[in-house]
Amino acid sequence: GGVALWLVGVLACYGARGYEPSASAKAAYAEKIGDLDSPAFVAEYEGATQAYAAARQELDEVKVWFWRLRTPYSTLVPPRQREHDAAWRELRGVQRREAQIVAAAKRELGVFSVDGVAESRNAFWRSYEGGKVFAQRQTFWDAVNSLLYSRSEENWVGFVLKWLARWVINFTLGMIGAGVGFAWSLYSVVASFSPNLFVGLAFYSVTLFSALSMIIFILVALYGGAAGGAYVVLKTAADANRLEYQRRQARLRASRPHYQ
């Protein structure tokens with residue numbers, strides 16, 4: 001039941017493709033997305049971008065520390081701030097029109113198409129990579145702190161087991177963050193295709209379930225690997241202690257006086 005559904009989610013996250021859009025849908029997509037390359041839109045976008053960059057540079061030149069209390073900056077900043085804000089609103093307006101053009105074009109393909117599924121999968125693996133990098137970085141600094149501040153009487157077994165525990169905790173936190181980040185980015189992916197409410201909810205629910213199933217699968221594999229590693233460490237330590245005990249016993253027997 002539940003396990004089978006979980007495995008289906010894992011397989012869907014790994015191998016689902018989506019349907020291939022029809023030739024007419026692809027043609028409609030190409031026609032609409034081509035509006036981004038029209039000379040009028042390109043000129044408008046470049047003009048708004050350059051105007052904002054210039055306004056930002058002019059504002060940065062006068063917006064110094066405590067500018068409200070310093071002359072002449074207290075009089076130079078307000079007009080340049082208004083110019084900056086106006087340029088930013090103009091640029092945002094152009095960017096919104098760009099997003100509308102892209103959404104209208106993607107609507108021709110459909111969110112369940114190969115393009116929608118591929119875009120969602122790429123968003124998931126980006127989120128996963130971010131969580132993994134967080135776990136690696138945090139574990140590295142935890143290991144450095146352990147080496148610097150660990151007690152001198154702590155043996156290598158305790159250090160390795162503590163490092164394994166921190167690695168598991170950090171990776172778990174990283175995967176939780178990856179799941180939350182993907183849930184947010186998935187909404188943006190779905191919205192970019194402008195589906196109707198039912199289709200959008202269906203795609204979001206199925207895709208999020210598949211992604212969470214994959215995250216759980218990764219964590220289960222991690223916990224299994226950590227448990228196996230801990231077992232190897234403890235067994236190695238136990239074998240070493242047993243050999244050391246046998247050597248001590250042999251030395252004690254050899255040191256005892258022998259009477260004829």
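# Close-up views of an all-helix chain

**View 1. Two annotated stretches.** Over residues 201–234 the chain is 100% helix and 0% strand, with 49 Å between the end C-alpha atoms. Helices (H or I, at least four residues) and strands (E, at least two) are DSSP runs, numbered from the N terminus. What you're looking at is a predicted model, in which local features need pLDDT of at least 70 and side-chain atom pairs count only at pLDDT 80 or more, while totals for chains, interfaces and linings use all residues. Residues are numbered from 1 along each chain as its sequence is written, and side-chain values use heavy atoms, leaving out hydrogens and water. Now find residues 167–189: this span is also 100% helix and 0% strand, and its end C-alpha atoms are 32 Å apart. An unreviewed UniProt entry gives both 167–189 and 201–234 the feature "transmembrane region". UniProt positions follow the numbering used here, feature names are shortened, and annotations may be inferred rather than shown by experiment.

**View 2. The whole chain, end to end.** How many helices and strands are there in the protein chain? Count 7 helices and 0 strands, which read along the sequence as α-α-α-α-α-α-α. Of the 260 residues, 29% are buried. Buried means under 20% relative accessible area, exposed means over 50%, and partly exposed is in between (1.4 Å probe, protein chains only). Now for contacts, meaning heavy atoms within 4.5 Å. Among those with a separation of 6 or more, 80% link residues 24 or more positions apart.

**View 3. The largest nonpolar core.** A nonpolar core is a set of buried Ala, Val, Leu, Ile, Met, Phe, Trp, Tyr and Cys residues joined through side-chain atoms within 4.5 Å. This one has 25 residues, and Phe124, Phe171, Met175 and Phe182 are the ones touching the most other members. Helices α1 (2–15), α5 (114–149), α6 (156–192) and α7 (197–255) each chip in at least two residues. Another core, of 9 residues, lies apart from it and includes Leu36, Tyr52, Leu91 and Ile101. Zoom in on Phe171: skipping its neighbours within four places in sequence, Phe171 contacts Tyr128, Lys132, Ala135, Ile218, Leu219 and Leu222.

**View 4. Thr207 and its partners.** Is Thr207 buried or exposed? This residue of helix α7 counts as buried, because its relative accessibility is 16%. Leave out residues up to four places away in sequence, and Thr207 touches Ser120, Phe182 and Leu186. Phe182 may ring a bell: it's one of the core residues touching the most other members.

**View 5. Tyr14 on helix α1.** Tyr14 sits in α1 and counts as exposed because its relative accessible area is 65%. Along the chain, Tyr14 and Ala211 are 197 residues apart, yet their C-alpha atoms are separated by 9.0 Å. Which residues does Tyr14 contact, leaving aside neighbours within four places in sequence? Look for Arg121 and Met214.

**View 6. Helix α2 beside helix α4.** The axes of α2 (residues 23–33) and α4 (residues 73–109) come within 8 Å and cross at roughly 175°. Axes are lines fitted to C-alpha atoms, for helices over the stretch in contact, and angles run from 0 to 180 degrees between N-to-C directions. The two helices are therefore roughly antiparallel, a label for angles over 145 degrees. On the α2 side, Ala25, Lys26, Ala28, Tyr29, Lys32 and Ile33 take part, meeting Ile101, Val102, Ala104, Ala105, Lys106, Glu108 and Leu109 of α4. Sorted by class, this contact has 9 nonpolar, no polar and 4 charged residues. Here Ala, Val, Leu, Ile, Met, Phe, Trp, Tyr, Cys and Pro count as nonpolar, Asp, Glu, Lys and Arg as charged, and the others, Gly among them, as polar.

**View 7. Glu90 on helix α4.** Glu90 is part of α4 and is partly exposed, at 45% relative accessible area. Not counting residues up to four places away in sequence, Glu90 touches Glu44 and Ala48. Tyr45 is 45 residues from Glu90 in sequence and 9.5 Å from it in space, C-alpha to C-alpha.

**View 8. Backbone oddities in the loops.** Most residues other than glycine have a negative phi, and most peptide bonds are trans. Phe66 isn't a glycine, but its phi is positive, about 55°. Phe66 lies in the loop between α3 and α4 and is exposed, with a relative accessible area of 60%. Pro72 is in the loop between α3 (39–62) and α4, and a cis peptide bond joins it to Thr71, with omega about 10°. Ser194, in the loop between α6 and α7, isn't a glycine either and has a positive phi of about 50°. Ser194 is partly exposed, at 26% relative accessible area.

Notes
Parallel < 35°, antiparallel > 145°, perpendicular 65-115°, else oblique.
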